[in-house]
Amino acid sequence: MSNHESSRRQFLQIGAAAALSVAAAKTQTAAATMVNVPFAAATPAIGIIGVGGRGTSLLRNMLAADVQVNALCDIVPEKAQHAQSMVEKAGQKAPELYTDGDHAFEKLVARDDLNLVVIATPWQWHTPMAVAALKQGKNAATEVPAATTIEECWQLVNTSEATRKHCIMLENCCYGENETLILAMVRAGLFGELLYGEAAYLHDLRGELFSNKGEGLWRRTWNTKGNENLYPTHGLGPVANYMGINRGDRFDYLVSMSTPARGLAAYRAEHVPKGDPKWSEKYIEGDMNMSLIKTANGLMINLQHDVSNPHPYSRLNTIAGTKGIFKDYPPRIYFDGQAGGEEYGSIEPYKAQYENPLWKKQGEIARKLGGHGGMDFIECYRLTECLRQGLVPDLDVYDAATWSAPFPLSCASVAHGSAPVKFPDFTRGKWKERKGSPIAEIQG
Ligand SMILES: NC(=O)c1ccc[n+]([C@@H]2O[C@H](COP(=O)([O-])OP(=O)(O)OC[C@H]3O[C@@H](n4cnc5c(N)ncnc54)[C@H](O)[C@@H]3O)[C@@H](O)[C@H]2O)c1
């Protein structure tokens, strides 16, 4: 065997081992599935854990959706008090505050007057907090990503199934105006047979990452721990919905590759005074991480992540099929034989027929509130309406686990020379029989 062949074999063996070790499912004897399980209908009564930037924004949207807020938790008392004053200003009685350290949330989730716990804390807290809420008989709605390891993904799935409570990831981009429009057009067959998508989180966060408040206090640290896609879900959720992932198809495996890590060190050199503790950090997260995901039905997604370099904001949000293609940032569309030749056209003409009923009815208030163009209100409104009316939630624990999984899977692939790494089937086979597209089927 030549040297080249021998090292190639060795490489493939490492790759296989990587696939094996990461996908080794922490399954336990499965309780009944949570696929297509409706909420127990209830007037939404929520507690929020983490009322920093995002938690405060979610609170504003929940109040606008007429949701009762009974409890708030944050390790910084002033943040909890500020959020409490927002609730009072909205005409509700002051929610009880939990501010006594990192585990104060355990008291919040044990209350008997909540049916939904909203989590907007740093990433390492999402799974422990969601699991604690589920175990106390509450539904959980966590910010993205829901989990950072495959073990955590399984914890969420297993606990949701065992407790019969929903664990939903707050993937607001699934409710975007363009995303819901394109989803309806995909489902109506306008793009023909789907072939590939592109999804990303391209957001110049250097200023925020080096800030001495907010996300600067915790998010930059993740760039010192691993080399992967740290934030896969914003781009991936909508593309997964277009493709019917966990509903007739599923993610099979990914391969991933990163550039060197340069952007954060370069930014620090220009903006951070020598002697600042940040100078002791070593950034190892490659600036651009690209993963290719292959689905069981053979489709392909190019998934990207870069928050460390100058780049106009983009989630790519692309879907292509045998009859046409949509690309976002800016939104543009091309269908086979389109008037004007091979030039992208506008999505405006499609709105009259394909606009999602949620946007038709709630679009005005959503746009006025503003959060990410209005999709944050649509998300909060829809989630709490599903709870109020006892409907099956649009997104479930299987979506939360599946869309979060590229975080650890890309890390494993990069570490093993871009070897293919298998996705666990969190639905335990249910993806084959489940069909449809919940957000596309909303009746208004
Ligand atoms: N969906 C979106 O569009 C979107 C936008 C921004 C942030 N996020 C996500 O929201 C989450 C929060 O981000 P952020 O921007 O609000 O960060 P942030 O730092 O502004 O807020 C986090 C809050 O959690 C609190 N906290 C930390 N540990 C806690 C604990 N153990 N118990 C209770 N509170 C605790 C902090 O004091 C802080 O107030 C992150 O997961 C982030 O990725 C999502």
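Hi everyone, this is a short tour of a ligand site, a histidine and a surface patch in one structure.

This is a predicted model, where local features need pLDDT of at least 70, side-chain atom pairs count only at pLDDT 80 or more, and totals for chains, interfaces and linings use all residues. Residues are numbered from 1 along each chain as its sequence is written, and side-chain values use heavy atoms, with hydrogens and water left out.

Let's start with the ligand. It is surrounded by 28 residues, each with a heavy atom within 4 Å of it. The closest are Arg54, Asp74, Trp123, Glu215 and Trp218. Now the polar contacts, meaning pairs of N or O atoms within 3.5 Å. Glu215 has a polar side-chain atom 2.5 Å from a ligand oxygen, and for Trp123 the distance is 2.9 Å. Tyr231 has a side-chain N or O atom 3.1 Å from an oxygen of the ligand. Taken alone, the ligand exposes 840 Å² (Shrake-Rupley method, 1.4 Å probe), and the protein buries 91% of that.

Next, His305. Is His305 buried or exposed? His305 is buried because its relative accessibility is 2%, and buried means under 20%, with a 1.4 Å probe and protein chains only. His305 sits in strand β10, residues 300–306; strands are DSSP runs of E, at least two residues, numbered from the N terminus. Among the residues His305 touches (heavy atoms within 4.5 Å) is Tyr231, which we just met at the ligand.

Finally, Leu292 belongs to strand β9, residues 289–295. With 38% relative accessibility, Leu292 counts as partly exposed, which means between 20% and 50%. Thanks for listening!

Key
Helix = DSSP H or I, 4+ residues; strand = E, 2+ residues; numbered from the N terminus. Polar contact = N/O pair within 3.5 Å; in protein donor to acceptor, adjacent residues only side chain to side chain. Lists of a residue's contacts leave out its neighbours within four places in sequence.
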